[in-house]
Every structure is written in C-alpha cells, then in structure tokens.
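User: Please take a close look at the salt bridges in this model. I would like to know which residues pair up, where they sit and how exposed they are.

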Amino acid sequence: MLDAGLLRQQQRAMCSADQEYAWTEESVEDYWKRRWRKVKRKRARMHHQIDAAHGSTEAFYGLARERLVAQGRLTEEDAECFTRIDKRLAHLQRHPHLLEFYDWKKQFHDEWIQKHFKQKRGI
C-alpha cells in the first residue's frame, strides 16, 4: 500500500512550478486539432441519436395508426392522410431552413422576399 504523503510528494514534483511547460506553436495547434476532432465526434453522435429518435418515432406512429385502423377508430384513407402529414412534418424537422417560409413573422417580409426570390439580370 502506498503512503499518502509519498503520493502527494510525487504529484507535487510532477506538477511543480519549477518545471514550467514551454508551449510551442505545434503543441497548441495539435491541441486545437484534438479539440476539433472531439467536438465533431460528439456532434456526429448527437446527430445519430436524433436520427434514431426520428426513426423510432415514425415506427411508433405507424404502429399506432395500424392499431387505430384495426380497432375501427380510424379509416384507411385517414391513416394514409396522417401518414403523409407525418412525413411532411418529419421532412421539415430535418430541414429547418424550409420552416422559415411558414414563420408568420418572416413570411412575405421584404428582406425575406429579396433573399429567396432574387431575380437575375435579363429575366
């Protein structure tokens, strides 16, 4: 078993102010590369989780519609209509820039029209 005092002494010697670390441009650049890789990995993991959640939500909605049709509480035509609506909503959730058109604060605003319906010369 290690002595606690000896362990503290070793830690202090390792991190003592006498031995100052000299930062080099390469070490700083390597740090930021590692940091960026970590951020990208975390972001990709979050995107995969979101995609999995969307997939499971769509599956559960489909099962619920099938159950309602089997119970006679929903007609086949209504189920197909709800399926189309759900697909459109899922598409809009995955592409949030498309939602901008439906925002009543921006809808048909002069800046929005200029940005999205720019006419080219000669037209």
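Analyst: The structure, which is a predicted model, holds 3 salt bridges. One of them is formed by Asp 51 and Arg 94, whose closest N and O atoms are 3.3 Å apart. Because Asp 51 lies in helix α2 and Arg 94 in helix α3 (residues 76–94), this pair ties together parts that are 43 residues apart in sequence. Both partners are partly exposed, Asp 51 with a relative accessible area of 39% and Arg 94 with one of 38%.

Arg 94 also takes part in the surroundings of His 54, a residue of helix α2, which spans residues 25–71. Once neighbours within four places in sequence are left aside, His 54 is in contact with Gln 93 and Arg 94. His 54 has a relative accessible area of 17% and is therefore buried, the cut-off for that class being under 20%.

A salt bridge also joins Arg 65 to Asp 86, with the closest N and O atoms 2.5 Å apart. This pair again links distant parts of the chain, since Arg 65 belongs to helix α2 and Asp 86 to helix α3, with their positions 21 residues apart in sequence. Here the two partners fall into separate classes of exposure: Arg 65 counts as buried at 14% relative accessibility, whereas Asp 86, with a relative accessible area of 25%, is partly exposed.

The pair of Lys 33 and Glu 29 is arranged within a single helix, their side chains meeting in a salt bridge at 3.6 Å from N to O. Both residues lie in helix α2, 4 residues apart, which is about one turn of the helix. Lys 33 counts as partly exposed at 46% relative accessibility, and Glu 29 likewise counts as partly exposed at 42%.

Helix α2 also holds Lys 40, which is partly exposed with a relative accessible area of 43%. Lys 40 belongs to a positive surface patch that is formed together with Arg 34, Arg 35, Arg 37, Lys 38, Arg 41, Lys 42 and Arg 45.

As for the setting of these pairs, the chain has 4 helices and 0 strands, and its elements run α-α-α-α from the N terminus on. Buried residues make up 8% of the 123 residues in the chain, and Arg 65 and His 54 both count as buried. Among contacts between residues at least 6 apart in sequence, 22% join residues at least 24 apart. The accessible surface of the chain comes to about 12000 Å², of which 56% belongs to carbon and sulfur atoms.

Definitions and conventions:
Residues are numbered from 1 along each chain as its sequence is written. This is a predicted model: local features need pLDDT of at least 70, side-chain atom pairs count only at pLDDT 80 or more; totals for chains, interfaces and linings use all residues. Side-chain values use heavy atoms; hydrogens and water are left out. Helices (H or I, at least four residues) and strands (E, at least two) are DSSP runs, numbered from the N terminus. Buried means under 20% relative accessible area, exposed over 50%, partly exposed in between (1.4 Å probe, protein chains only). Contact means heavy atoms within 4.5 Å. Accessible areas come from the Shrake-Rupley method with a 1.4 Å probe; for residues, only the protein chains shown count as cover. Patches are made of residues with over 30% relative accessible area and no salt bridge: like charges are joined within 9 Å, nonpolar side chains (Val, Leu, Ile, Met, Phe, Trp, Tyr) within 5 Å. A salt bridge is a side-chain nitrogen of Lys or Arg within 4 Å of a carboxyl oxygen of Asp or Glu. Lys and Arg count as positive and Asp and Glu as negative; His and the chain ends are not counted. The place of a charge is taken as NZ of Lys, CZ of Arg, CG of Asp or CD of Glu.
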